[in-house]
Amino acid sequence: MTTLDHLGATDLRCVVEDYREALAAHREPINRLNVYPVPDGDTGTNMSLTLVSVCEALDGVSDDLPAVCKAISHGSLMGARGNSGVILSQVLRGLLGVVEGAGTLDGRTLAAALRAASDAAYQAVMRPVEGTILTVVREAAEAAEAAASEAERLVDVLDAARRRADTALQSTPDLLPVLAEAGVVDAGGAGLLLLFDALLHRVDGRPVPEPRVGEGVLRADAHL
């Protein structure tokens, strides 16, 4: 497969469809990670259903970039489920607003779009808490900006963002004691990481990770 240097309307449609499928596949493992803010085990379900709404909003929409961006933003807003779905909808709306304005998604646009996504996510929460999906998207944005200042290739910027997002996710228990107590990473951050996987699948043909046996299982001695 040829590595793409930018994404257009058809590509974005494919990314959100792949992201929907990834969230559906990982729904239960992500649910098991859900111990913050309350251990109600629905983060994976809420993020998955939010993407179902996004894809439904794309039905019948022409492969025109502004139309696709608007449909994704509208679908995420109207279909946002729970706290995680609301934050995810703001991430998507921040991203797509920049992409629509730029007319494409290349390396530099991705960096600007992730910054907008991070800002929108933080603004959506009355009291932002680090060690959550907010930390993951912010650090991904910082890595993308640093990469875009040195290299313009979309895959390089996306790679940097994905690596930092994963590092940030693995560090969430260091920032949020309830995660450390349960022996898990943040559920919303885990769901967001799959968006980078869906993007890399479209840009570079990389496989989207399958759920692993035992993924999301809490420590046996966790007290929640």
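Helices here are DSSP runs of H or I with at least four residues, numbered from the N terminus. On that basis, this predicted model is an all-helix affair: the protein chain has 11 helices and zero strands. Read from the N terminus, the order of elements is simply α-α-α-α-α-α-α-α-α-α-α. Below is a quick tour, going from the whole chain down to a handful of residues.

**Overall shape and packing**

- The protein chain has 224 residues and a radius of gyration of 16 Å, which agrees with the value near 17 Å that a compact globule of that length would have.
- Along the principal axes, the C-alpha atoms take up a box of roughly 50 × 40 × 35 Å.
- Half-and-half is the story for burial: 50% of the 224 residues count as buried.
- Take the contacts between residues at least 6 apart in sequence, and 71% of them turn out to join residues at least 24 apart.

**Surface and charge**

- About 9800 Å² of the protein chain is exposed, with carbon and sulfur atoms supplying 51% of that area.
- On the charge side, there are 19 positive and 32 negative side chains.
- The centres of those two charge sets sit 1 Å apart.

**Cysteines**

- Don't go looking for disulfides, as the structure holds zero of them.
- Cys 14 is in no disulfide, and its nearest cysteine sulfur belongs to Cys 55, 10 Å away.
- Cys 55 is likewise in no disulfide, with the sulfur of Cys 14 as its nearest cysteine sulfur, 10 Å off. A disulfide needs the two sulfur atoms within 2.5 Å.
- Cys 55 counts as buried because its relative accessibility is 6%, and the cut-off for buried is under 20%.

**Helix α2 and the loop after it**

- Leu 33 belongs to helix α2, which covers residues 27–33.
- With a relative accessibility of 7%, Leu 33 counts as buried.
- Leu 33 and Val 16 are 17 residues apart in sequence, and their C-alpha atoms are 23 Å apart in space.
- Moving on to the loop between α2 and α3, that's where you'll find Pro 37.
- The peptide bond leading from Tyr 36 into Pro 37 is cis, with omega near 0 degrees. For context, most peptide bonds are trans.

**Ser 53 in helix α3**

- Helix α3 spans residues 43–58, and Ser 53 is part of it.
- Ser 53 has 17% relative accessibility, so it counts as buried.
- Setting aside neighbours within four places in sequence, the contacts of Ser 53 are Gly 75, Met 78 and Gly 79.

**Arg 115 in helix α6**

- Arg 115 sits in helix α6, residues 107–123.
- At 24% relative accessibility, Arg 115 counts as partly exposed, because that label covers values between the 20% and 50% cut-offs.
- Once neighbours within four places in sequence are left out, Arg 115 is in contact with Ala 141, Glu 142 and Glu 145.
- Arg 115 and Arg 138 are separated by 23 residues in sequence, while their C-alpha atoms are 7.2 Å apart.

Conventions
Residues numbered from 1 in each chain as written. Predicted model: local features only at pLDDT ≥ 70, side-chain atom pairs only at ≥ 80, totals over all residues. Heavy atoms only, no water. Helix = DSSP H or I, 4+ residues; strand = E, 2+ residues; numbered from the N terminus. Rg over C-alpha atoms; globule rule 2.2 N^0.38 Å. Buried < 20%, exposed > 50% of the residue type's maximum accessible area, 1.4 Å probe, protein only. Contact = heavy atoms within 4.5 Å. Areas by Shrake-Rupley, 256 points an atom, 1.4 Å probe, with all protein chains shown as cover. Lys, Arg positive; Asp, Glu negative; His and termini not counted. Charge placed at Lys NZ, Arg CZ, Asp CG, Glu CD.
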